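The following exercises ask for a careful reading of strand order and helix packing. Work through each one with the structure in view before turning to its solution.

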Amino acid sequence: MAEYVVETRNLSKHYNGVVAVDNLNLRVKAGEVFGLLGPNGSGKTTTILMLLGLTEPTKGEVRVLGFNPVRQPLSVKARVGYLPDQVGFYDQLTARENLIYIAKLNGIPRREAYRRIDEALTRIGLADVADRPVGTYSRGMKQRLGVAELLIKRPQMVILDEPTQGLDPAAAVEFLNIIRDLKAEGITVLLASHLLHQVQAVCDRVGLFRKGRMVVEGTVPELARQVLGGGYRVRVIARGETDTILRHLRGLSHVVEVQPKGDMTYELLAQRDVRPQAARAVVEAGGELLNLDLEEPNLDEIYARYFETEEVAHDRAGKAA
Amino acid sequence: MTVQARPHERRREGSPWTGMWAVLAKEMADNLTSVRMHILEILIALTAVGAVFGAIQTILETVEQDPFVYLRLFTVGREPLPAFIGFLGFLVPLVAIALAFDTVNGEFNRRTMSRVLAQPIYRDALLFGKFLAHLFTLALVLTAIWLLIFGLGIVRLGVRPGGEEVARALWFLLATIFYGGIWLTLAMLFSIVFREPATAALASIAVWLFYIAFWGMLADVLAQIIAPIRFGFPEEFIRQLEWQLFLSRLSPNTLYSEIALALLNPATRALGLVLPIQLSGAILGTPLPLRQSLLLIWPQMTGLIAVTILLFALGYVLFQRQEIRA
Ligand SMILES: Nc1ncnc2c1ncn2[C@@H]1O[C@H](COP(=O)(O)OP(=O)(O)OP(=O)(O)O)[C@@H](O)[C@H]1O
Ligand SMILES: [Mg+2]
């Protein structure tokens, strides 16, 4: 069995001169939830379209579930569910009729299709309104119907392009639970999104896109180490001589940065969990330790830091030229 | 090392027709339940009833025996109404355009295109399925109208239609469907080229108007420019007439009306320019057998079908290369 469900090699897409995807090497493991992050126009949707064989790559290779989407699009599309960023349905048809059409296109036998459709509609919470025209649905309901459509395909992998866009907070949480359920069933999930805390909440690994390239990838702590220099943030609250405490904390190994916040709080950025050492350092500095906690590295921060430093570097380069 | 792709590896897997029947069935259902179609059906049925009633009255007033009286239902008018075939010439394009002008762009505008194409089907299936659904819908509507006309005929004329009449009417039905096919593919082509359905509809109607209102005049003028009459020799007149005929046949309307003439008026011996020599030995006014009439219209029929295939192929190529991102 292939270890990677998605594998691209130097995958590129040019649109008359515009480079949308640039030598992308993306690998997604079976059963994981992979997040695609990046500013608008960084090539996420284009990458997804190439994975599904909906757009031909300009160059490079793609394998999805071991198939080549350019030559074997039917095999890929039969096994991969896709929820586009702007999902639309036939408004005059009911939810059930819309799903029946999709089931037919997938060649699912009628009885089996009806069973799966009922199941999916119940699971997604649309069973009560299943026989209403989709034109009467709210945006969130349509989004959920899109998920129902994924479910009736019984996919091995799903690709979601900004699926929580326009959902209310409760619906978004519900959506994340669906993603977790899919993962629990062993379905690989590829998720493109701009909502960083959601990505962080469900994704095993994340890839950061910039101008068609994947610039960093890995788990969130890995990214934090690469981008912020440290994956752990320790917050120390201590009473005592600020300068002395600061000096002692800075002297610790594996600590990248210490910032005083207010007169008793210190924020440490470290490459590992340095809570015991920090506690000792405070005591050695003659301070009283009031509180000590470890914060998960935050994707928002990683993202902001990455693209901020990028921009600064870019500006400098621009000025130098 | 470069790996040469072997031919069988380059070929797409599976059949381009996978899913076509699903598309066809859905589109047919959409067409048959759409308000747009109901309006057109009512319009065309009312026109048929009006025109055919007029024709029946005219026919009943003439005492002459006519072996092709059912064909007269199509061709005889009664002031102020023209004959039904006059209506068909512009109603059929109208129905065809109304069916097809939002075939592809409508799918984009509803944002259903990427969802549908993410299913295991090729674009071929979508385009063919939609085209066939439109064509079948058109055929269904026209067949119903033909039945209506024959029904009216049986009730009001009190004679049974002959086998030859029925055969000719069926061929005419087929030709009418093909004539509609041209306008279907044209409107579909515009629905691929233009993202706005309104633009596609307008462009289709512009072409239709051009052929209905201007092409005849333009063919005359062009023929006069290409083959001017300088000295008044008969050859010059013939040459100009030939040019005029050729140019006017570049219009589907001309082809269709020639087909109608040959099929519905069995006495028609030749289409277009007829020189007296060509008629030597023929007894004017005697009807031609159906086989002969079919031979006469064969070039016109192939012309209609060829243009349809050409327009479809063009649309097909454009659609295959289209970015599906909404
Ligand atoms: N049909 C096209 N013709 C020309 N350029 C295109 C076309 N489609 C996409 N692009 C360009 O490709 C680049 C990548 O676009 P893409 O939609 O993949 O970005 P994205 O990461 O999905 O952005 P977003 O976050 O806004 O969804 C953009 O610069 C876009 O302008
Ligand atoms: Mg996008």
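**Exercise 1.** In which sense, left-handed or right-handed, does α9(B) pass α13(B)?

**Solution.** The model is a predicted one, and the two elements to find in it are helix α9 (residues 163-193) of chain B and helix α13 (residues 290-321) of chain B, whose axes lie 9 Å apart and make an angle of about 20°. Angles under 35 degrees count as roughly parallel, and α9(B) and α13(B) are therefore roughly parallel to each other. With the pair located, the crossing of α9(B) over α13(B) is found to be left-handed. As for the residues of the contact between α9(B) and α13(B), 24 are nonpolar, five are polar and two are charged.

**Exercise 2.** Determine the strand order of the open four-stranded sheet in chain A, and say which strands form its edges.

**Solution.** Reading across the open sheet of chain A, the order is β12-β13-β11-β14, and the pairing is antiparallel. Strands β12 (255-261) and β14 (288-295) of chain A each pair on one side only, and these are the edge strands. From one strand to the next, the twist averages 20°.

**Exercise 3.** Describe how β11(A) is joined to β14(A), and identify the helix that lies across both of these strands.

**Solution.** Strand β11 (residues 232-239) of chain A runs antiparallel to β14(A), to which seven bridges join it. Within this pairing, Arg235(A) is the residue that stands opposite Asp293(A) in β14(A). The helix sought is α10 (residues 275-284) of chain A, which lies across β11, β13 (265-270) and β14 of chain A and runs at about 160° to β14(A).

Conventions. Residues numbered from 1 in each chain as written. Chains lettered and ligands numbered in written order. Predicted model: local features only at pLDDT ≥ 70, side-chain atom pairs only at ≥ 80, totals over all residues. Heavy atoms only, no water. Pairing = 2+ DSSP bridges. Axes fitted to C-alpha atoms, helices over the stretch in contact; angles between N-to-C directions. Contact = heavy atoms within 4.5 Å. Parallel < 35°, antiparallel > 145°, perpendicular 65-115°, else oblique. Left-handed = near helix turned anticlockwise from the far one by under 90°. Nonpolar A, V, L, I, M, F, W, Y, C, P; charged D, E, K, R; others polar.
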